[in-house]
Each structure stands twice: as C-alpha cells, then as structure tokens.
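Q: Got a minute to go through this model with me? I'd like to start with the cysteines.

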Amino acid sequence: MRLRDFSPSAAIVSTLLTIPQLSAAFYLPGVAPTSYKEGDVVPLHVNRLTPVGSQVDGSLRSVVSFDYYHKAFHFCAPKGGPKDVSESLGSILFGDRIRTSPFELKMGINETCKELCDVKFDQSSAHFVNRRIAQGFALNWLIDGLPAGQLVVDEVTGTKFYSQGFALGRGDAKEMHFNNHYDIVIDYHEVTRGQYRVVGVIVQPDSRLSPKTGDGGAVNNAGMCGVGGLPLTLSETAETPMKFTYSVYWVPSPTAWATRWDKYLHVFDPKIHWFSLINSAIIVIFLTITVVSILLRTLRKDIQRYNRLDSINLDDLSGTSAVEDGVQEDSGWKLVHGDVFRAPSSPLILSVFLGNGAQLFVMTGFTIAFALLGFLSPSNRGSLGTIMVLLYTILGFIGGYVSARVYKAFGGERWKLNIALTPIMVPGIVFGTFFFLNLFLWAKESSGAVPFTTMLVIVVIWFIISVPLSFAGSWVGFRQPAIQPPVRTNQIPRQIPPSTTYMKPIPSMLLVGILPFGAIFVELYFIMSSIWFSKVYYMFGFLFLCYGLMIITCAAVTVLMVYFLLCGENYHWHWRAFMTAGASAFYVFANALIYWVTKLQLGGLAGSVLYIGYSALISFLFFILTGSIGFFASWLFVQKIYGSIKVD
C-alpha cells in the first residue's frame, strides 16, 4: 500500500548478484561506498523475517515471510515509529520490506548490553512466535547495505563464509526459546587515516531470561549481560515480560570494500556444478553431432535423389521405376511438399505464444549476459527482478514484431486480434495467477504480499510502455512482406497415414522434452534452493552455459523429431514442434513437485497453494520459452530442406 516504495532510479540500476571474479572491484555509479569517522552513526535497517531450512532435517516448513514490525513479534520500534526505506521494484516483488530500526551503532565504539525496550507477550503472540521458531524463521538486518549473517564453515571444503540471516529462536523437544539479545560483530576497514568502511557483519543471537541473571550478575558487569542464565521461553498460558538488549563490537579487517561481498557469495561444492556442466556438454555435443550427421547424410542423399529424379524424363520409363520406388520408400518427406507449409490449426494462438516466447528468449539472454559481465551490483537488492521486468516491458516491440510476422506467414486474417492479444494474453495469465496467489499472502498477513499500489504501478507501466511498443512492433511486422514458402501448397490436404507409437504426440513429447530438462537439471536445483530457502544465487557463469546448452538441445532434438514426423508423411509439424520442445516444462514442474515432497514440509493449505502456484507459473513461462526455440529451429529446418529440392 506504499507507492513511495517504487524507486525509478533504483529500478534502473542493476541486479542482485553477480560473479565475484568478474565484478569484485566493479560497481556502477550510485552504489558508491560510504566512509565513516569514529563515532558516526552507521544505519541498521531491518527487513522481513524469512523461513530457512530446519536445523534438524534441512527441510523447509513455510514459504510465507512476515514483516519485522508485525504486531505479534513485539520488536522494539524507533521513536516516532519505523520509516520505510526506498526500495526497487524488484525488491518489493520479491518481498523485501526494509525499514528503520532503534539500534544505534557508532563507528568504532564498542558497547555492551544496551537496552532497547521492555515488552510483554500475550498468549496469542507467544503462540504465533513459537510457531515461527519451530518453522525455522530467521531475522534479516542490513548494516550499511550488508546483510547481517552468521559465520559458517563449509564441511566439504572447510571454507568460512557468512550466511545471510540469523535465527529468531531455538527449540528443543519440550519448548521454544526466543532470542532477545544480539551480539553484533562488525568488521571495518580503514581506507585512509580516520576514514572507515563496513566490510562485514555477524550477529550472534541468544535467548536470555534476564540481563541481571546468569554469569553477568548485573546489567553492565564486564559485559556479560546474563550470559549463562536461563533461556527465555514465551508462555502460551500467561503474559511473558521480557527485555530486548544488544551489544556492539567493532573488529578491524584487511578486507577491502570492493570485495566485501565475497564472504557472502559462497559456492557449495563447486565440483557438482562442473561435473553437471561437463556431463551436459558431452551429452549435447554427442546429441548435436548425431543429429547433424543423420540429417546431413540422409538429407544429402534424399535431395540428390530427388533432384536426379526430377532431371529424368519419367515418361520414358514404363510403369513405376525402381528409382522412384526407392525415393518414396526411403524418404517420405518430399511427398508432403504440397502440405508442409499449410497453416496450422489455431494460428492466432500459436503466433501469440511465439511472439511472447521470442520476447522471453531475448530478455533471458540479456539478463544473464548483464549479470555475467559484471554490470550488476550485488549491493542493490532486488535489481534482478527489476531488470527482468523492465527488459520484458521494453522488449514488447520484439514480441509484437515476431507475432505479426509469424501470423502473416500463416495467412491469418484477424490481424487486429493478433495485435491486441500479443501484449495482453500471456502477461494477463501471468498477472492473473500472480494476483490470485497474492490473495493468499494478504490473508496470511505476509510481507511477501505485493502492495496494491505496486501492482497498479506495474499495470500502468505495462499499458503505457509495453503495449504501445508491442503495437508498434506488430505494425512494422504486418507491413513487411509475408515469409514465402519455397514450395506451393496444394488446395486439397493430403491424407496422413497412421504413425508409429513413438511418433504419437504424447510419447514424442515425453521422449524429446526430457533432454533439454537434463541440460539444466542441476542448475535448476540451486535456483530453486535460492528462491525458496532465501539464499543468494549468483552463479550466472554456470547459468549462462546451461542456457546455451538448453537452446542447442531444444533445437537439435526438435528438428530431429520434425524430420521423422515428415518422413512419416505427417505435415502437422507446427504445434508438434512447439509442444514437443515445450514439454520440458512438464519435467520442470514434475521436478518442483518432487522437490516439494522431499525438501518441504509446508503443512498448511496456503503454503502448498503458493508453492504449486508459483512453480506452475515458472513452468508455464518455461513452456513458452522452450516451445518457441523448438518451433523456430524447426521452421528454419523445413524452409531449408524444401528450398533445396526441385518441385514441378
């Protein structure tokens, strides 16, 4: 409900994460470092509470995040109430709700056991918070733009790194303990004499019944602050009074400001990525070589035979010649030359899908390339989502142009409807699904619920920028001459003989669709983990290579399937090419369901609906993307082979 959350300037600056080797010392203007003098106030902003993996079995028990100042948590607020911190569009869409806090951090000055406020937890609030502790929720703070985390040691490599967020509380078999004390350890680097910069933040939370009990003996006794005392347990049968406290410790560090994010960007067992990448690359290379060799060898013989046959005066031959029989028996794809370019069924819908698929294809490529080249700063939260939304909006011209050219090539006559549906149908499905799922977040009072005003901003941006650009692209596309097929189309459709089992729609989709999915399977696992477990994903180098392998695989296997389809004298290849390549989205969704069963224990209806709904939405967009890749590769292939033969 906050229009001011949308920051146009933040929307232009780019993305959440990048590869440290390429971008460690490169930052765009506007993301400049902040230097502090001793005693200067360093801002501590608070963000939403997010669920993370359980410490017991590693499973995720919720997908709903909550605002830091949700009334049930009773966290201390600054004087005058918390104020919103300007966020980018992508940050809001991903659920970030950054606000000011009452914490006072002064550069270079250690402070122990500072009191924030005294609060009382009623029974309902205690029940709510205890449930969040059991689900493994974590707090997320930002100090000078750096996320507060905890020091973790990778068991495989022994590398030390910072994990974002820290626990709301801890639990045992009997009861939950609420963390009400925070030891804030801040690494700082001296740039010049008297000028310091924040380069790392660790928060060690603890549950303490009272700062005056335990080993401390008193509030300010050697800074013990109740260490070793009884933990704080929120009672669900009576009110629980408690006190929030914190300590601040400043530690000098040799880490430069430009490389301060390296501690947070950790690759878990990089051998898995390399093994998967090499494995996928080998499969794709062998697959591509196989497809090319089969097609080139077979097609060269077919084309030579066909052209030789056309040069022979068949009138001199008596009956049916052996040459002609050989041609018709070995290769049936020439037999359908008069029907192969016949317009498919529902050409309007197919052209709209292909236009949006081309738009998605270019947007994905640009986004990954920008991240790969280091143009996107890791300190600008949510800019990955921002750049994707803005690129898809600006690339509406490409969607309209491609849709119009394809529809005109199909001989479509309802050009006005094509112009209208291209920028509205697929985005409308996505926005409608997103709005429906957002209702569940509103009902759960989640911070992940996108404010209505932000949704209104997205709609306005879409209709003011993307729709006119799409209309302009369609206008240019329809003014271009139609793409002419290399052969004429017969007036009477040819009868299609029965096909073999593996060439029927469902079996062929299942067989072909699994190969593009195999090229991205491992990387997809890490992407899903970063989305649902609130982890950082920045391995765009691996993603770029996997994206390229997926494109090659989609094109190769779909072309091979279309060749076999035409050899079986089936000329209905348009939708088959689109659906067969798009069938990899079925495996993406099936993988999401397996991930849901094995890694998640959501329990409630809302969490399950949200997970399945967002997974289905991602799979739908993946279906449009891969289907378009398969169709255009097949279309180019069909144009080439039928343009290489002589037809009377």
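A: C567 is partly exposed, with a relative accessible area of 25%. Buried means under 20% relative accessible area, exposed over 50%, and partly exposed in between, using a 1.4 Å probe and protein chains only.

Q: And C554, buried or exposed?
A: C554 is buried, at a relative accessible area of 0%.

Q: Before we go on, what are the ground rules here?
A: This is a predicted model, so local features need pLDDT of at least 70 and side-chain atom pairs count only at pLDDT 80 or more, while totals for chains, interfaces and linings use all residues. Residues are numbered from 1 along each chain as its sequence is written, and side-chain values use heavy atoms, leaving out hydrogens and water.

Q: How many disulfides does the structure hold?
A: It holds 1 disulfide, a disulfide being a pair of cysteine sulfur atoms within 2.5 Å. C76 and C117 form it, with their sulfur atoms 1.8 Å apart.

Q: Where do C76 and C117 sit in the chain?
A: In distant parts of it, 41 residues apart. C76 lies in the loop between β3 and α3 (89-93), and C117 in strand β5 (residues 111-121). Helices (H or I, at least four residues) and strands (E, at least two) are DSSP runs, numbered from the N terminus.

Q: Is the disulfide left-handed or right-handed, and why?
A: Left-handed, because the torsion about the S-S bond of C76 and C117 is about -80°.

Q: How covered is each end?
A: C76 is buried, with a relative accessible area of 7%. C117 counts as partly exposed, at 22%.

Q: Switching to sheets. What does β14 pair with?
A: Strand β14 (residues 181-192) runs antiparallel to strand β15 (residues 195-206), joined by 11 bridges. β14 also pairs with strand β16 (residues 240-252), in the parallel sense, over 8 bridges. Two strands pair if DSSP finds at least two bridges between them.

Q: Which residues face each other there?
A: The bridge partner of D187 is G200 in β15. I186 stands opposite W250 in β16.

Q: What about the turn between β14 and β15?
A: That hairpin has 2 residues between the strands. G194 takes a positive phi there, near 85°.

Q: Where does β3 fit in?
A: β3 belongs to an open sheet of 3 strands, in the order β3-β6-β11, with antiparallel pairing. The edge strands are β3 (50-51) and β11 (166-167), each pairing on one side only. 2 bridges join β3 to β6 (residues 137-139), and T50 stands opposite A138 in β6.

Q: Now the interior. How many residues are in the largest nonpolar core?
A: 154 residues. Such a core is a set of buried Ala, Val, Leu, Ile, Met, Phe, Trp, Tyr and Cys residues joined through side-chain atoms within 4.5 Å. W141, F178, Y182 and I184 have the most contacts inside it.

Q: Which helix gives the largest share of this core?
A: Helix α14 (residues 540-567), with 17 residues. A second, separate core has 5 residues, including L348, A404, Y407 and F478.

Q: Does α8 look regular, or stretched?
A: Its end C-alpha atoms are 16 Å apart, which agrees with the 16 Å expected for the 12 residues of α8 (residues 383-394). The expected span is 1.5 Å times one less than the number of residues. Among the buried residues of α8 are L384, I387 and Y392.

Q: And the overall tally?
A: The protein has 17 helices and 16 strands. Of its 648 residues, 52% count as buried.
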